[in-house]
Amino acid sequence: MKNLKYIIGLFSVASIFLMSCEKEFDAPELKVVPTGNVVSIADLRAMHVPGTTVEINEDLSVFGIITADESTGNLYKESYIEDATGGINLRFISSTGLYIGDSVRVYLKGSKLLRYNQMMQVDSLHPDNSIVKIGTLQNRVPQVVTISEINNDLEGFQGELIQINNVYFIEGGQGKMYADAANLESVSRSLSDGTELIDVRTSGYANFASDTLASGYGTFIGIMTQYKVGSTNIAQLLIRNPNELNMNGDAPLVKDFNDQSLTSGGWTTQHLAGPSYTAWGIFAATNSAAKITCYNSATAMGEVSESWLISPAIDLSNSATPNFNFRNVVRYGTTPQLQVMVSTNYDGTSNPNTATWTDLTSLATWDTDISSWNTWTSSGDLNLTPYISSATYVAFKHVGVNTSGVGTWEIDDITIIK
């Protein structure tokens, strides 16, 4: 019994000793990212000195919303941020945990402000030491713009979240993918509003690189970026997520002659008068296009020609405001004038002169620079609403006489939007 009391006594003393010696661990010290002076994105962009890399050694911060992240693999170690004054590209030394809609403060000290192919960037940011996340799900509404507005103000839209309505991919409906996932190579696709084009660049590492390119007509949402080819600055769009592209409308009918065929896609030609050289042909020395002329110095002057290039029947019966556009260029002379025609009673095979055609030539914009092949001109949209039917045809008609000084026309990217 005496031994038992002794053992119990020792246990009690040991317990008291252990309790009195229990260590109180310090809470981990919270990392504090300085703020310093707050600047806007416009202020930050204005700090750049052309042709240099500006090292930011001041205590500066900028606030904004993340508008593009790494989640789809289309970006790597970078994000885009936007505030009320503009947008800019953020580049990090490693991947980040930032997501679209995050409200953040970016501490700029130690980073570099530079342009890469004219794209303004804040480089060398640290995901932990440079970023303070303030909130989430603060998604910005994209700015609705046109391709023309972007192309005319690259600097003004650079780095911003944009939306373009009533557009389509030129390569849509051809079974092509957004990028080359097999070889992990980036690819540019052409987005069109029927008048102007803009590149859409996708990384071969994007998780949607092997998805089939959207084939319809509708709305594009993405980030406006920029690059430089030689001395030319070019706009380039970046997809955040293909699920944001609402391009499910009827795909346009596009004839771009890239296959070097006049008659693929149901198009036909009718050569009604004149020697063979006055028929429609393909000019494939550079980008393929359809060409027409009535001049040949080796043959007798005064020969009359007539040649037609005619679309397949186009079903516009469910269309609201269909339109039609193309690009054109002329060399040597502007006569005879190439004509644009539309018909709702052509049968698709007979002599086109047996049908009723309306001349839309005066509604189109035509190239007038006869000294160069480089002055491609957009026709602008030609309204097809008065010609809605289940079988509408558009055609290019050329009638001429072989004389000196006559023009040679080329047309390309014929686009009929239902």
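Which residues line the largest cavity? In this predicted model, the lining is made up of Ala-68, Asp-69, Thr-72, Asn-74, Leu-75, Ile-100, Leu-238, Ile-239 and Arg-240. Sorted by class, that comes to 5 nonpolar, 2 polar and 2 charged residues. The space inside the largest cavity is about 40 Å³, and the count of cavities of 30 Å³ or more stops at 1.

Next come the pockets. The largest pocket holds about 640 Å³ of space. It has 26 lining residues, and Leu-75, Glu-78, Tyr-80, Arg-91 and Gln-236 are the closest to its centre. Leu-75 turns up twice here, since it belongs to the lining of the largest cavity and also sits among the residues closest to the centre of the largest pocket. Quite a few strands pitch in: at least two lining residues come from each of strand S4 (78-83), strand S5 (86-92), strand S8 (119-125), strand S13 (197-202), strand S14 (217-229) and strand S15 (232-239). As for the mix, the lining of the largest pocket has 10 nonpolar, 11 polar and 5 charged residues.

The second largest pocket comes in at about 440 Å³. Its lining counts 19 residues, with Asn-258, Asn-287, Arg-327, Asp-412 and Asp-413 lying nearest the centre. Strand S22 (323-331) and strand S28 (408-417) are the elements that give two or more residues to this lining, and S28 gives the most, with 3 residues. By class, the lining of the second largest pocket splits into 6 nonpolar, 6 polar and 7 charged residues.

Now for the strands and how they line up. An open sheet is built from 5 strands, and reading across it gives the order S18-S21-S27-S23-S24, with antiparallel pairing. Which strands sit at the edges of this sheet? They are strand S18 (268-273) and strand S24 (358-359), and each of these pairs on one side only. At the S24 end, strand S23 (residues 339-343) runs antiparallel to S24 and is joined to it by 2 bridges. One partnership that can be picked out on the structure is Val-342, whose bridge partner in S24 is Thr-358.

Finally, the surface has something to show too. Val-38, Phe-63 and Ile-134 together make a nonpolar surface patch of about 270 Å². Of these, Val-38 can be found in strand S1 (residues 37-39).

Note on methods
Residues numbered from 1 in each chain as written. Predicted model: local features only at pLDDT ≥ 70, side-chain atom pairs only at ≥ 80, totals over all residues. Heavy atoms only, no water. Pairing = 2+ DSSP bridges. Helix = DSSP H or I, 4+ residues; strand = E, 2+ residues; numbered from the N terminus. Patch = residues over 30% accessible without salt bridge, like charges linked within 9 Å, V, L, I, M, F, W, Y side chains within 5 Å. Areas by Shrake-Rupley, 256 points an atom, 1.4 Å probe, with all protein chains shown as cover. Salt bridge = Lys/Arg side-chain N within 4 Å of Asp/Glu carboxyl O. 1 Å grid on protein atoms, 1.4 Å probe; cavity = no way out; pocket = protein on both sides within 12 Å on 5 of 7 lines; lining within 4 Å. Points joined across faces, edges and corners; volume = space filled by probe spheres on them. Nonpolar A, V, L, I, M, F, W, Y, C, P; charged D, E, K, R; others polar.
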